[in-house]
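Subject: Structure for you to look at

Hello,

Here is the structure we talked about handing over. Please open it and keep it beside this message while you read.

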Amino acid sequence: MHDARDNGKPIRLLAAASILAASGFCGALHAQSQKPEGASPGIFTCTDARGRTLTADRPIAECSDREQRELNPSGSVRRKVEPTYTARELQEREDRAREAAIQAARLTDERRRERALLVRYPNAATHDRERAEALSQIDAVTQAARKRIVELGEDRKKIDEEMEFYKQDPTKAPGAVRRRLDDNAQSVAVQNRFIGEQEEEKKRGNARFDEERARLKLLWSPQNGGTNR
């Protein structure tokens, strides 16, 4: 009398073999479905993870994670079979492709801006001239603000002379005089704030020109075909 477990072994082995055969059959059907109608059978080839070159008459299971090639009987490549990816691997591929596209777009934009910079500043003299012009405009408006402060200072002296009569109790000064005093103080504050803003603008302008100059030195260099003279 045989043990029931012994009888089960052949059954389990047979089932496993059936599953593997079915998987191979499905893979072959999928590969065949991708072939042009009437095409002769091809040979699949790939290099597995161990560096071995494998060939078969159907997609190769050992290379499911890498690209395979289907060859014509003549040896030419009929088509390439993409790897089978998991959902995570597909997402990682998409992420890498997206990042590569972003980097390529950034590089293209950088090259475009470099070309525009060279057109605008073909040499150091041109860049120096534009820097001087830009900064001189800021200096001009700053000087105008300082001049206005001097004028407001003269007005303040006149207002202070009128307020001299009310120094014991400034609240008794006429409303018009007190308004002139307040207006004068506010105008001086506005001009000082404007001067501060112009000084910051000048710093930013110098920083921009310095950054441009560093980039232009590389673009002007002889090995890069620059035109610095």
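Below is what was found in it, starting with the sheet and ending with the charged pairs. Please keep in mind that this is a predicted model.

The sheet

The model has an open sheet of 4 strands, in the order E2-E1-E3-E4, with antiparallel pairing. Strand E2 and strand E4 (77-81) stand at the edges with a single partner strand each, so one side of each has no neighbour in the sheet. From one strand to the next, the twist averages 25°.

Two of the pairings can be followed residue by residue. E1 and E2 run antiparallel and are joined by 4 bridges. In this pairing, Thr 45 has Thr 55 in E2 as its bridge partner. E1 and E2 also form a hairpin, with 5 residues between them. In the turn of that hairpin, Gly 51 has a positive phi of about 85°. On the other side, E1 pairs with E3, again in the antiparallel sense, over 3 bridges. Here the bridge partner of Phe 44 is Glu 70 in E3.

The disulfide

A disulfide is a covalent bond between the sulfur atoms of two cysteines. The structure holds 1 disulfide, which joins Cys 46 to Cys 63 with an S to S distance of 1.9 Å. Cys 46 lies in strand E1 (residues 43-47), while Cys 63 is in the loop between strand E2 (53-56) and strand E3 (68-71), so the bond ties together parts that are 17 residues apart in sequence. The torsion about the S-S bond is about 75°, so this disulfide is right-handed. Are the two cysteines buried or exposed? Both Cys 46 and Cys 63 are buried.

The nonpolar cores

In soluble globular proteins, nonpolar side chains tend to be buried together. Which residues make up the largest nonpolar core in this model? The core has 7 residues in all: Leu 117, Tyr 121, Ala 124, Phe 209, Leu 216, Leu 219 and Trp 220. Helix H4 supplies the largest share of this core, 4 residues. A second, separate core has 6 residues, including Phe 44, Cys 46, Leu 54 and Val 81. Cys 46 is thus a name you have met already, as one end of the disulfide.

Tyr 121, one of the residues in the largest core, is a good place to look at contacts. Leaving out residues up to four places away in sequence, Tyr 121 touches Thr 126, His 127, Glu 130, Arg 208, Phe 209, Glu 212, Leu 216 and Trp 220.

A residue in helix H4

Gln 191 is placed in helix H4 (residues 175-220). Its relative accessibility is 18%, and because buried means under 20%, Gln 191 counts as buried. With residues up to four places away in sequence again left out, Gln 191 touches Ala 145, Arg 148, Ile 149 and Leu 152.

The salt bridges

Side chains of opposite charge can pair when their charged atoms come close. How many salt bridges does the structure hold? There are 25 salt bridges, and three of them are described here.

- Arg 66 and Asp 65 meet through their side chains at 3.2 Å, N to O. Arg 66 is partly exposed at 25% relative accessibility, and Asp 65 is partly exposed at 45%.
- Arg 88 forms a salt bridge with Glu 92, and their closest N and O atoms are 3.4 Å apart. The two residues are 4 residues apart in helix H2 (residues 87-120), so about one helical turn separates them. Arg 88 counts as exposed at 66% relative accessibility, whereas Glu 92 counts as partly exposed at 32%.
- Asp 139 and Lys 202 meet through their side chains at 2.8 Å, N to O. Asp 139 lies in helix H3 (residues 124-163) and Lys 202 in helix H4, so this pair ties together parts that are 63 residues apart in sequence. Asp 139 is partly exposed at 36% relative accessibility, and Lys 202 is partly exposed at 27%.

Salt bridges that share partners also form a network, which joins Asp 109, Glu 110, Arg 112, Arg 113 and Arg 215.

Best wishes

Key. Residues numbered from 1 in each chain as written. Predicted model: local features only at pLDDT ≥ 70, side-chain atom pairs only at ≥ 80, totals over all residues. Heavy atoms only, no water. Disulfide = S-S within 2.5 Å. Buried < 20%, exposed > 50% of the residue type's maximum accessible area, 1.4 Å probe, protein only. Contact = heavy atoms within 4.5 Å. Pairing = 2+ DSSP bridges. Axes fitted to C-alpha atoms, helices over the stretch in contact; angles between N-to-C directions. Core = buried A, V, L, I, M, F, W, Y, C linked by side-chain atoms within 4.5 Å. Salt bridge = Lys/Arg side-chain N within 4 Å of Asp/Glu carboxyl O.
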